[in-house]
Amino acid sequence: MRKVIAAQHLTLDGVMEGTEWKVPYLTNEGMAIAHTLLFESDALLMGRVTYQWLSQAWFKSKDETGFADRMNSLPKFVASSTLRDLEWNATRIEGDVAEGVAKLKNQSGGHLLIYGSAALVQYLMQHGLIDEYRLMIYPVVLGRGKRLFGEGITATLHLLDSRALASGVVVQTYKPAAQ
Amino acid sequence: MRKVIAAEYVTLDGVMENPAWTAPYWSDELAAIQSQLNIESDALLMGRVTYQEMSQAWPTMKDEDGFADRMNTLPKHVASSTLIDLEWNATRIEGDVAEDVVKLKNESGGHLLIYGSGTLVQYLMQHNLIDEYRLMVFPIVVGRGKRLFGEGIEATLELVESQALASGVVVQTYRPAAQ
């Protein structure tokens, strides 16, 4: 069964929105971690906002590690009730999203990777469909912006791994605690 | 110059309030870390709510390690505009709290340790008077309650150390980044 992994860049106060605060901390060490995860995955799941953002940001990109090529070529499954005519090798998840994701999980293959997509992550959390959280915690407190774990979102987790990077970013891997 | 250290129990979503959620993750490992920090300190700074809760809870406690005795005998400096007649070896900080904390920092001695006291911590952050954050991050998302880093609170920090405990709690030590 494939794993659904939510890979998130967060400030110390849990904000996921924005990009400028990440820039000073983007190092080869962090990018190698992201690279490994992307290459263990063979599809991306995302919500509308992240799809709109990433499909614009990535399609022109190129890099020697092959990261951009993989971002552009992987199939994407987008949870959106409003978008039509998706580009960037993306298809809309038809019907019930939880059922659609459960079907994808039952297929064999690599991970189903989620970047951003707070609403989708929260929805999948409520349906018990997130298998792992890969959180990159930056040493910044932003004080505003959308948080991954918003009001009313609850979970009991189990720490799988914790690793501090030289940049001061801490990479924490959690899975849902056994019920 | 003495250091002001904020030692905080927080959930993964940054909530500090009513830390009954710490109970399942309590371990000798965590107790030793708290004990060490407490021994290196010779006074507590706190806000009203934390003072009221702790001054009720601690006087009846006893333990073989002497932690409760220390909690009860350490001098406490309480930032409150409303409390009078403090017990528990506590005195009210008179006048401007920032000025007074600077005076305390300029004295020689051990650390000035803050437990809880979200409002006081945020106030001292805004006055650049927190020297270190010892965040004990529990593997739980609670979805409601007062967060340590509330709306509008900003900081750029530097990771000093990150330690994962067997219980799944991650102890993260930060200090303000060099300006």
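Colleague: Which strands does helix 5 of chain A lie across?
Modeller: Helix 5 (residues 118-126) of chain A crosses strand 1 (4-10), strand 2, strand 3, strand 5 and strand 8 of that chain. Helices (H or I, at least four residues) and strands (E, at least two) are DSSP runs, numbered from the N terminus.

Colleague: What angle does the helix make with strand 2 of chain A?
Modeller: Helix 5 of chain A runs at about 105° to strand 2 of chain A. Axes are lines fitted to C-alpha atoms, for helices over the stretch in contact, and angles run from 0 to 180 degrees between N-to-C directions. Two residues are in contact if their C-beta atoms, placed from the backbone, lie within 7 Å.

Colleague: Where does this model come from, and how do the numbers work?
Modeller: This is a predicted model: local features need pLDDT (the predictor's confidence in each residue, from 0 to 100) of at least 70, side-chain atom pairs count only at pLDDT 80 or more, and totals for chains, interfaces and linings use all residues. Residues are numbered from 1 along each chain as its sequence is written, while chains are lettered from A and ligands numbered from 1 in the order in which they are written.

Colleague: What scores does the model get?
Modeller: The ipTM is 0.94 and the pTM is 0.95. For chain B, the average pLDDT is 96, and 99% of the residues score at least 70.

Colleague: Back to the sheet. In what order do the strands of the sheet with 4(A) run?
Modeller: The order is 4(A)-3(A)-2(A)-5(A)-1(A)-6(A)-9(A)-8(A)-7(B). These 9 strands form an open sheet with mixed pairing. Two strands pair if DSSP finds at least two bridges between them.

Colleague: Which strands are at the edges there?
Modeller: Strand 4 (90-92) of chain A and strand 7 (140-141) of chain B. Each pairs on one side only.

Colleague: What does helix 2 of chain A touch?
Modeller: Helix 2 (residues 48-58) of chain A packs on the sheet. There it touches strand 2 (41-47), strand 3 (76-79), strand 4 and strand 5 (111-115) of chain A. Its direction makes about 120° with that of strand 2 of chain A.

Colleague: How does strand 9 of chain A pair with strand 6 of chain A?
Modeller: Strand 6 (residues 132-137) and strand 9 (residues 170-176) of chain A are antiparallel, over 5 bridges. Within that pair, Arg134(A) has Thr173(A) as its bridge partner.

Colleague: And how many bridges join strand 8 and strand 9 of chain A?
Modeller: Strand 8 (residues 155-164) of chain A pairs with strand 9 over 7 bridges, in the antiparallel sense. His158(A) stands opposite Lys175(A) in strand 9 of chain A.

Colleague: What happens at Gly168(A) in that hairpin?
Modeller: Gly168(A) takes a positive phi near 100°. The hairpin of strand 8 and strand 9 of chain A has 5 residues between the strands.

Colleague: Now the other sheet. Which strands make up the one with 7(A)?
Modeller: Its order is 7(A)-8(B)-9(B)-6(B)-1(B)-5(B)-2(B)-3(B)-4(B). It is an open sheet of 9 strands, and the pairing is mixed. Strand 7 (140-141) of chain A and strand 4 of chain B stand at the edges, each with a single partner strand, so one side of each has no neighbour in the sheet.

Colleague: How does helix 2 of chain B sit on it?
Modeller: Helix 2 (residues 48-57) of chain B packs on the sheet and touches strand 2 (41-47), strand 3, strand 4 and strand 5 (111-115) of chain B. Its direction is at about 115° to that of strand 2 of chain B.

Colleague: What about strand 6 and strand 9 of chain B?
Modeller: They pair in the antiparallel sense over 5 bridges. Val137(B) stands opposite Val170(B) in strand 9 of chain B.

Colleague: Switching topic. What is odd about phi at Asn89(B)?
Modeller: Asn89(B) has a positive phi of about 55° although it is not a glycine. Most residues other than glycine have a negative phi. Asn89(B) lies in the loop between strand 3 (76-79) and strand 4 (90-92) of chain B.

Colleague: How does Asn89(B) count for exposure, and why?
Modeller: Asn89(B) counts as partly exposed because it has 14 C-beta neighbours inside 10 Å. A residue is buried if 20 or more other C-beta atoms lie within 10 Å of its own, exposed if 12 or fewer, and partly exposed in between; C-beta atoms are placed from the backbone.

Colleague: And where is Asn128(B)?
Modeller: Asn128(B) lies in the loop between helix 5 (118-126) and strand 6 (132-138) of chain B. Its phi is positive, about 55°, although it is not a glycine. Asn128(B) has 11 C-beta neighbours inside 10 Å, so it counts as exposed.

Colleague: How much of chain B is buried?
Modeller: Buried residues make up 36% of its 179 residues. Chain B has 5 helices and 9 strands.
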